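Q: Can you walk me through this one? Keep it brisk.
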Amino acid sequence: MTSNPLRDPRDRRLPRVPEPCALVVFGITGDLARKKLLPAVYDLANRGLLPTNFALLGFARRDWGDMEFAELARTAAREHARTPWREEVWERLAASVRFVQGSFDDDAAFDELAAALADLESSHGIGGNAAFYLSIPPSLFPVVLRQMERTGMAESTDDRWRRVVVEKPFGTDLPSSRELNELVDSVFSAQDVFRIDHYLGKETVQNLMALRFANSLFEPVWNAQHVDSVQITMAEDVGIGGRADFYERTGAARDVLQNHLLQLLALTAMEEPVEFAAEDIRTEKLKVLRAISLPADMRQFAVRGQYEQGWLAGQRACGYRDEKGVSAESTTETYAAVRLGVETRRWAGVPFYLRTGKRLPRRVTEIALSFRKAPHLPFAPTDTEELGHNQLVVRVQPDEGMTLKFGSKVPGSVMEVRDVSMDFLYGEQFTEASPEAYERLLLDVLLGDATLFPRNAEVEASWAVIDPLEEFWADTTPYPYRAGEWGPRAAEEMLAAEGRAWRRP
Ligand SMILES: NC(=O)c1ccc[n+]([C@@H]2O[C@H](COP(=O)([O-])OP(=O)(O)OC[C@H]3O[C@@H](n4cnc5c(N)ncnc54)[C@H](OP(=O)(O)O)[C@@H]3O)[C@@H](O)[C@H]2O)c1
């Protein structure tokens, strides 16, 4: 390991730059690699956050040379980069781009990859360090992991680190996620495994921890005594695009609820970590995930839906069953909503309403804490008709920021009290734009910082929440909702039954 003896690790003015290393991407020609990973590598290089001795290796089936691969990488990076394009940055990066051709079951190709890595140690001074990104269909994880084991590529030693990045889905239920975890952990040691939940790479999600643990204002009211309910929403206006095959097998609960929404719940509900360090944060999140309780009456409090033909932003949108590649009798849900509890002293009795859906009116992800009403209002009832619950809303995307909603007197000679909002917008407060989630997460992998990556026990605890829901839904048909509506009526009724309503984000 090399470290700068003149540098004080507490000094935050200088950015942290990883040690010399290689990034190996399996599935480099795929959608994720082109839209997210390659642009993120360029953006990191552009911001000066990659080590001088860095190499990018792509592994794929097609018969390409380094030049053709460099051209694909360039086009993808240029098209999707967040930061301005600088040809000289790309030229420097392109000099260390390599391509290895082969299929995953091809021993010779993996031997060649191992040899290419060894070569780069001397030619590019990468010091033997490498991160392997599995940007491939999950069914191929076993064969790739076994190949890495066979060739000794997965072994970290005192002189070099080897890490693996696993994309979601982490299994499809508890048994399959256990199997996957066992496999990954049998090839890499636990601290070298980085499971990507890209929501955790978003600035606002990390800000949730700053909000709670760096301030004295919020923590005293962050509990059942003051919070009436919590709503966590991830809404998408798009349909399933060209991913019918994947979506038919997955559905909204497995695709979003199991990972993104439960991680947001864990961050919202967790206790203060002993230290702002990976293990301490993961430990607190795991405690929350283990404390989650499912509704006793699932018929009322676990609702799934499927979009039908409708209108969105003035455009006609077809129904889910009419999407290309979807069965006309499909019972896959495109919307899921559930009421969960967190059985801890802090949260007992507070409902956490989670919902996600496709073809909803707008793309928005937010966490909203709704506070209890004042125990007594010394005003005439007619003066407070427009006063709702105080709310704190953390907007994860888009328009990252926070809104505090509270009652205020309407100007005039009468004491009329109405809700008003106070906004904090990242875009207005800070001049520096937030990095893309993948940019942040890739950098963390290369730095070996696992703070923003769920560990295997968290993944398994999340499946333990989802499996009973899936079991309950297995013999049911999702409720229909029209594209462009906020989900099925049953979801509205679920909250109305308890005298509440979903927020209109
Ligand atoms: N796309 C997203 O936005 C997104 C979001 C979240 C998670 N993910 C996850 O990320 C992973 C990759 O997704 P993706 O959308 O990029 O998939 P994709 O577009 O289908 O790409 C799959 C990649 O794997 C390669 N591949 C497939 N079979 C192979 C084999 N037998 N030997 C060698 N290479 C093989 C393909 O190479 P060829 O070009 O040669 O076929 C291609 O590069 C998946 O686990 C997915 O669940 C994706």
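A: One term to begin with: two residues are in contact if their C-beta atoms, placed from the backbone, lie within 7 Å. This is a predicted model, where local features need pLDDT of at least 70, side-chain atom pairs count only at pLDDT 80 or more, and totals for chains, interfaces and linings use all residues. Residues are numbered from 1 along each chain as its sequence is written.

Q: Which residues is phenylalanine 132 in contact with, leaving aside neighbours within four places in sequence?
A: Val24, Phe26, Met148, Val164 and Val165.

Q: Is phenylalanine 132 buried or exposed?
A: Phenylalanine 132 is buried, because 27 other C-beta atoms lie within 10 Å. The cut-offs are 20 or more such atoms within 10 Å for buried, 12 or fewer for exposed, and partly exposed in between, with C-beta atoms placed from the backbone.

Q: Where is phenylalanine 132 placed?
A: In strand S4, residues 130-134. Strands are DSSP runs of E, at least two residues; helices are runs of H or I, at least four; both are numbered from the N terminus.

Q: New topic: the ligand. Which residues come nearest?
A: Gly27, Thr29, Gly30, Leu32 and Arg61, out of 20 around the ligand. Near means a C-beta atom, placed from the backbone, within 6 Å of the molecule.

Q: Which helix gives the largest share of that shell?
A: Helix H1, residues 31-46, with three residues.

Q: And what about the domains?
A: The assignment, automatic or from a database, gives domain 1 (21-167) and domain 2 (200-438 + 448-496). Their centres, taken over C-alpha atoms, are 35 Å apart.
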